[in-house]
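Open the structure in your viewer and keep the selection tool at hand. This tour goes stop by stop: what to select, and what is there.

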Amino acid sequence: MTRARSGGELAEAIEHAVPGSVVERQPGAVVVDAARLLAVCRHLRDDPGHGFDYLASLTAVDYLDFFEVVYHLYSLRNNTGAVLKVRAEGRGDPAVPSVSGIWLGAVLQERETWDLMGVRFNGHPDLRRVLLWEGFPGHPLRKDFLEFDHRTIAMSAVQAAEDH
Amino acid sequence: MIKPPPYVVNMGPQHPSTHGVLRLRLVLDGETVLSVEPVLGYLHSSKEKLQEEHTYLQTIPITDRMDYLSSMTNNLGCALAIERLAGIEPPERATDIRVIVSELQRIASHCFAQGTLLQDLGAWGTPLMYFLQEREQVLDMFEMICGARLTYNYVRPGGVSQDLPAPFFPAVQRFLQEFPSRLDEYEELLAGNEVLQARTVGVGVLPRDLAVNGSLSGPTLRGSGVEWDLRKADPYCGYERFAFRVPVGQQGDAFDRFMVRFHEMRESVGILRQALDALPGGPWKAPVPMVIRPPRGEAYQQVESPRGILGYYLVSDGGASPWRFHVRAPSYINLSLLNQMVRGYKVADVVAIVGSIDIVMGEVDR
């Protein structure tokens, strides 16, 4: 049975390795500072005590005031799991660092999150839309994306095809 | 000699070997692939957004339409996530019925994967028909159980939609009696085949560490020798009660992935026998209201679908529909390393490699 690392215990370890990185401790998750995300992730992957070599899932949630990017990490060696979160403020152009250099499995998942949720991943090698086409207006999984003009979408698809 | 510049070829979206509407943008030097980029989204229907406008019970039939070759495991993952979020405990009989339908689904799905891979490689018709014959028997049983052959909407939060009917039991026993010997026959017929060996052995080699780093899962990960199966590593539905092995490959080539599926079908037969022998009586559904309002919070639940780790991440704001409904789709993430897998091989090998990953576009694009 996979042992879920508790938020409190994991936060202690992270804070010890990367001081000032923990923003909030939740019962089953740790929220870390976006500026120190990469250092935290590298520590979690490379430290044998953690050994989180497997990024199972990466996604984002729109909480209206901020976007939360959620990482579900697993260690196949130790059979443990952890949940890491990072917040991006503002609705204009929220951004967090890309972890695709640490786990290759993030490449497509970050592209999907950018495409559908509009969270930018700085340092991503190829951050383009993946399920929708370039020129699609807005990001559909955002809570303020409610109604759209079908004509605008049809025209932007035509434009994208012509540009290609 | 003049060397021509690399050129770009689009394989798909309407290519018979791309299993639906996958488009591969290949950069070629002659017949050799320099790089590949999967171009996705032709089947995108924004199911995650759709789920946010439905009640929790209504989310189940939408999951049917993602991985349409293994709808039972899609239903199961979603139901387990909702149960975890809302604190619902399914009865024992329901849990065992879920195991039975999941393993039957795995056999049906793997049969289809094996058949279509061989079809893609030019073993025209016969092997696919053999495997479809087996899959049809499973679909007949599912039709007995819930009336549908493809989109079951069977596993619900709190249990299953109805009890197993009486004619199901003789049908499944007959199937379990006949299927293993036919599986041996197919393996004998196919695995040693010279053409299959030439097309798949040493093709699309994926090293172990790369497979883990790329978040691959299912037979694609296990083909590379990583023994990671959620039914063993993080059991759900009481899988720890059943004795079975986790087959793994050695080299991580297309042939290993093909063979892992063969062995997994045998293990599934073993699990089915154990589950049917020990199937308890009692209720098959816990009392669950039509409109579930889970408390504010989040839940992540993974199940081992035939294609890999299928995860559901649900966030509730206390309302009748999920605030966020994310699906960790194994078919989509298994394409992460396609470029690393096909680089340096010939165009014809791309067909073998994509076939050995076994993707379902309904799940890739969602």
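Select G147(B). This glycine follows helix α5(B), and its phi is positive, near 90°. The model you are looking at is predicted.

Now step back into the helix itself. Select residues 126-146 of chain B to show α5(B), a helix of 21 residues. From first C-alpha to last, α5(B) reaches 30 Å, close to the 30 Å expected at 1.5 Å a residue.

Which residues of α5(B) are buried? Colour P127(B), L128(B), F131(B), L132(B), E134(B) and R135(B) to begin with; they are among them. Then add V138(B), L139(B), M141(B), F142(B), I145(B) and C146(B), which are buried too. An α-helix has 3.6 residues a turn, so residues three or four places apart point the same way. Show what surrounds α5(B): its buried residues pack against α3, α4, α6 (168-190) and α11 (254-277) of chain B.

**Aromatic rings**

Stay with F131(B). Select Y130(B), Y186(B), F255(B), F258(B) and F262(B) along with F131(B): together they form one aromatic cluster. Over all chains, a search of the whole structure finds 16 aromatic pairs. For one of these, go to chain A and select W133(A) and F136(A). Their ring centres are 5.4 Å apart and their planes stand at 85°, so this pair is edge-to-face. Are the two residues buried or exposed? W133(A) counts as partly exposed, at 31% relative accessibility. F136(A) counts as buried, at 10%.

**Helix α4 of chain B**

Return to chain B and select residues 92-120, which form α4(B). Its 29 residues should span 42 Å at 1.5 Å a residue. The end C-alpha atoms are 42 Å apart, which agrees. Now switch on a surface for the rest of the structure. Of the 29 residues of α4(B), 27 are buried, so this helix is largely enclosed. Select G122(B) next. This glycine follows α4(B), and its phi is positive, near 100°.

**A buried glutamate**

Select E83(B), in helix α3 of chain B. E83(B) has a relative accessible area of 5%, under the 20% cut-off, so it counts as buried. What is E83(B) in contact with, leaving aside neighbours within four places in sequence? Show I88(B), P90(B) and R98(B), then R156(B), P157(B), G158(B) and G159(B).

**The largest pocket**

Look next for empty space. Rolling a probe the size of a water molecule over the atoms shows where such space is left. The largest pocket has a volume of about 870 Å³. It is lined by 37 residues. To find its centre, select R84(B), D234(B), Y300(B), Q301(B) and Q302(B), the closest lining residues to that point. Then widen the view to the elements that give two or more residues to the lining. From chain A these are β5 (66-75) and β6 (80-89). From chain B they are α3 (71-86), α4 (92-120) and β6 (297-305). β6(B) gives the most, with five residues. Colour the lining by class: 18 nonpolar, nine polar and ten charged residues.

**The cavities**

How many cavities of 30 Å³ or more does the structure hold? There are three. The largest has a volume of about 50 Å³. Select E112(A), L116(A), L131(A) and L141(A) from chain A; they are among its lining residues. From chain B, add H44(B), S46(B), K47(B), E48(B), D365(B) and R366(B). By class, this lining has three nonpolar, two polar and five charged residues.

The second largest cavity has a volume of about 40 Å³. Its lining includes E112(A), T113(A), L116(A) and M117(A), as well as R324(B) and H326(B). α3(A) gives the most to this lining, with four residues. Here the classes are four nonpolar, three polar and two charged residues.

**Chain A as a whole**

Finish by selecting chain A. It has four helices and eight strands. From the N terminus on, trace them as β-α-β-β-α-β-β-β-β-α-β-α. Of its 164 residues, 54% count as buried. Among contacts in chain A between residues at least 6 apart in sequence, 48% join residues at least 24 apart.

Key:
Residues are numbered from 1 along each chain as its sequence is written. Chains are lettered from A and ligands numbered from 1 in the order in which they are written. This is a predicted model: local features need pLDDT of at least 70, side-chain atom pairs count only at pLDDT 80 or more; totals for chains, interfaces and linings use all residues. Side-chain values use heavy atoms; hydrogens and water are left out. On a 1 Å grid over the protein atoms alone, a cavity is a set of points where a 1.4 Å probe fits but cannot get out, and a pocket is an open set with protein on both sides within 12 Å along at least five of seven lines; lining residues have an atom within 4 Å of a point. Grid points are joined across faces, edges and corners, and a volume is the space filled by probe spheres set on the points. Helices (H or I, at least four residues) and strands (E, at least two) are DSSP runs, numbered from the N terminus. Ala, Val, Leu, Ile, Met, Phe, Trp, Tyr, Cys and Pro count as nonpolar, Asp, Glu, Lys and Arg as charged, and the others, Gly among them, as polar. The expected span of a helix is 1.5 Å times one less than its number of residues. Buried means under 20% relative accessible area, exposed over 50%, partly exposed in between (1.4 Å probe, protein chains only). Contact means heavy atoms within 4.5 Å. Rings of Phe, Tyr and Trp (its six-membered ring) pair if their centres lie within 6.5 Å; planes under 30 degrees apart count as stacked, over 60 as edge-to-face and the rest as tilted.
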